[in-house]
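Here are some notes to go with the structure. Please read them with the model open.

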Amino acid sequence: MTQASECIDSRQRTGQPWNDMHPEALESMSSLRGDERGMGSMLSKASQVFILTDENVAPFWLPEVAHWLHCDSAIDIVIKAGEQHKNLQTVQRIWKTLMKHHADRNALMINLGGGTVTDLGGFAASTYKRGIRFISVPTTLLGMIDAAIGGKTGIDFGGAKNQIGTFAEAEEVVIDPVFLETLPQRELLSGLSEMLKYGFVADSKLLETNLENYRQFIVRAGEIKREIVAKDPTENGLRKILNFGHTLGHAIESHCLTTDAPLLHGEAVAVGMLAALWLSVKQCGLNEQVLKDYEEKLPVLLSEAEISLSEADIEAVLGYLAHDKKNKGEKPQFVLVEAIGRPVWEVTEDYDTIKRSLEYIINEYGKR
Ligand SMILES: NC(=O)c1ccc[n+]([C@@H]2O[C@H](COP(=O)([O-])OP(=O)(O)OC[C@H]3O[C@@H](n4cnc5c(N)ncnc54)[C@H](O)[C@@H]3O)[C@@H](O)[C@H]2O)c1
Ligand SMILES: [Zn+2]
């Protein structure tokens, strides 16, 4: 076990018992949700409550959340932050902590954090004793509109992302933008890209999202994801549209992770969407103005990113593309749009066309 992936802290809070809570306290917390009292009764039915969070979120929000929930006797589990800790070692630590505290099948886990914590915590909870209940409290924009919604949990394994996981729905997903007050701007922008994604594939309103007004679109973005997941929970068809911008986005993200300038997921998706729109103009008759408008938005989305893509990187990016799990046979698959809100999926592209889309992206950067 490496030091890096250890739970850095797990301790029992002292004070009020977790089930001695006041439902009205929950209302102030889940200001964007309607079923706070349902959550209250769920907490009071649990045999024990565990709050899982990471080292960055804990100092800001762990005491607050425990206080809001009147859950002062909850057991905190604090893990290292970052994707590199979304792995089996961290999950084992969590399982061991649950066992150490004799957590039974009526225990409840509250996963407080970004997508890393909600993915990992959901996985740990859904597998412990064949599954205990969990509540997701996303603290990043990306978590609120995407990662915490839809029931996919998971960890990275064997050097690849999200290889091991479950489909397991959280009992509740508590959305409260208050958590975004402490989120670094770069992380916020990364989430904003994913919000624009919903604008392209589902609801043009979301294309109005910007740094000033994004809060008013959080609920709508979450609804879109829920609607899509409800229609296709196991990603056999429609759910694939959520991968808009992700085919090249993932390849670029993987490639940049090997350089001095790694990109956040949303940043890579922002670049991937540029390529997807370019391909959509070429292959699906998308109005070129949509691409031009997006070109205007991109500098803000990438304002905190350091991008160093050049012609010399193209072959490496194409190499990652070849390993994409979404591929059918040899050719990479894309989600494209015929028009805003009219996505098409499982579009295969040959490598020559993809290469030209990458050249276009690189050329765009040259202009910045
Ligand atoms: N399950 C799904 O359907 C799904 C969908 C999309 C993404 N994901 C997963 O989500 C993960 C990415 O999630 P993310 O972008 O939220 O990253 P993250 O969870 O790693 O959080 C990003 C950073 O922000 C910090 N942080 C989080 N909330 C904070 C706050 N309120 N204040 C200060 N710092 C805060 C974290 O400690 C971390 O350093 C990836 O592992 C991805 O695979 C899952
Ligand atoms: Zn994404």
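1. Which residues of H5 are buried? They are Gly 115, Thr 116, Val 117, Thr 118, Asp 119, Leu 120, Gly 121, Gly 122, Phe 123, Ala 124, Ala 125 and Ser 126. That makes twelve of the 13 residues of H5, so the helix is largely enclosed by the rest of the structure. Its length also checks out. H5 reaches 18 Å from its first C-alpha to its last, close to the 18 Å expected at 1.5 Å a residue.

2. A word on confidence. This is a predicted model. The mean pLDDT of the protein chain is 87, and 87% of the residues reach 70 or more. Residues 1–7 stay under 50, yet the model gives them 17 contacts beyond four places in sequence. Residues 12–29 are also below 50; this stretch has 44 contacts in the model beyond near neighbours in sequence. Where pLDDT is low, the predicted coordinates should not be read in detail.

3. The overall make-up is as follows. The protein chain has 368 residues, and 47% of them count as buried. There are 13 helices and ten strands. Take the contacts between residues at least 6 apart in sequence: 73% of these join residues at least 24 apart.

4. Strand E2 covers residues 49–54, and six of its six residues are buried. In a regular strand the side chains alternate between the two faces of the sheet. In E2, Val 49, Ile 51 and Thr 53 point one way. Phe 50, Leu 52 and Asp 54 point the other way. Both sets are buried.

5. Now the partners of E2. E2 and E4 run parallel and are joined by five bridges. Here Ile 51 stands opposite Ile 110 in E4. E2 also pairs with strand E3 (residues 75–79), again in the parallel sense and over five bridges. The bridge partner of Asp 54 in E3 is Ile 79.

6. E6 and E7 are the antiparallel case. Strand E6 (residues 152–157) pairs with strand E7 (residues 160–167) over five bridges, in the antiparallel sense. Gly 154 has Gly 165 in E7 as its bridge partner. The two strands form a hairpin with two residues between them. In the turn, Gly 158 has a positive phi of about 60°.

7. Look next at ligand 1. Its shell holds 30 residues, and the closest are Asn 56, Gly 114, Gly 115, Thr 116 and Thr 140. Helix H3 (57–68), helix H5 (115–127), helix H6 (141–147), E7 and H7 each give two or more residues to this shell. By class, the shell has eight nonpolar, 14 polar and eight charged residues. Gly 115 and Thr 116 appear here among the closest residues, and both are buried residues of H5.

8. H7 deserves a check of its own. Why call it enclosed? Because 14 of its 17 residues are buried, it is largely enclosed by the rest of the structure. Its span agrees with expectation too: 17 residues at 1.5 Å each should cover 24 Å, and the end C-alpha atoms are 25 Å apart.

9. Leu 207 follows in the loop between helix H7 (185–201) and helix H8 (218–231). Is Leu 207 buried or exposed? Leu 207 is buried, because 20 other C-beta atoms lie within 10 Å, and 20 is the cut-off for that label. Leaving aside neighbours within four places in sequence, Leu 207 is in contact with Leu 196, Gly 199 and Ile 340. Asp 293 is 86 residues away from Leu 207 in sequence, with the C-alpha atoms 10.0 Å apart.

10. Please inspect three backbone angles. His 102 is not a glycine, but has a positive phi of about 55°. His 102 lies in the loop between helix H4 (88–100) and strand E4 (108–113). It counts as exposed because it has 9 C-beta neighbours inside 10 Å. Just after H5, Lys 129 takes a positive phi of about 50°. Arg 130, also other than glycine, has a positive phi near 65°. Arg 130 is in the loop between H5 and strand E5 (133–138). With 7 C-beta neighbours inside 10 Å, Arg 130 counts as exposed.

Conventions:
Residues are numbered from 1 along each chain as its sequence is written. Chains are lettered from A and ligands numbered from 1 in the order in which they are written. This is a predicted model: local features need pLDDT of at least 70, side-chain atom pairs count only at pLDDT 80 or more; totals for chains, interfaces and linings use all residues. Helices (H or I, at least four residues) and strands (E, at least two) are DSSP runs, numbered from the N terminus. Two residues are in contact if their C-beta atoms, placed from the backbone, lie within 7 Å. Two strands pair if DSSP finds at least two bridges between them. pLDDT is the predictor's confidence in each residue, from 0 to 100. A residue is near a molecule or strand if its C-beta atom, placed from the backbone, lies within 6 Å of it. Ala, Val, Leu, Ile, Met, Phe, Trp, Tyr, Cys and Pro count as nonpolar, Asp, Glu, Lys and Arg as charged, and the others, Gly among them, as polar. The expected span of a helix is 1.5 Å times one less than its number of residues.
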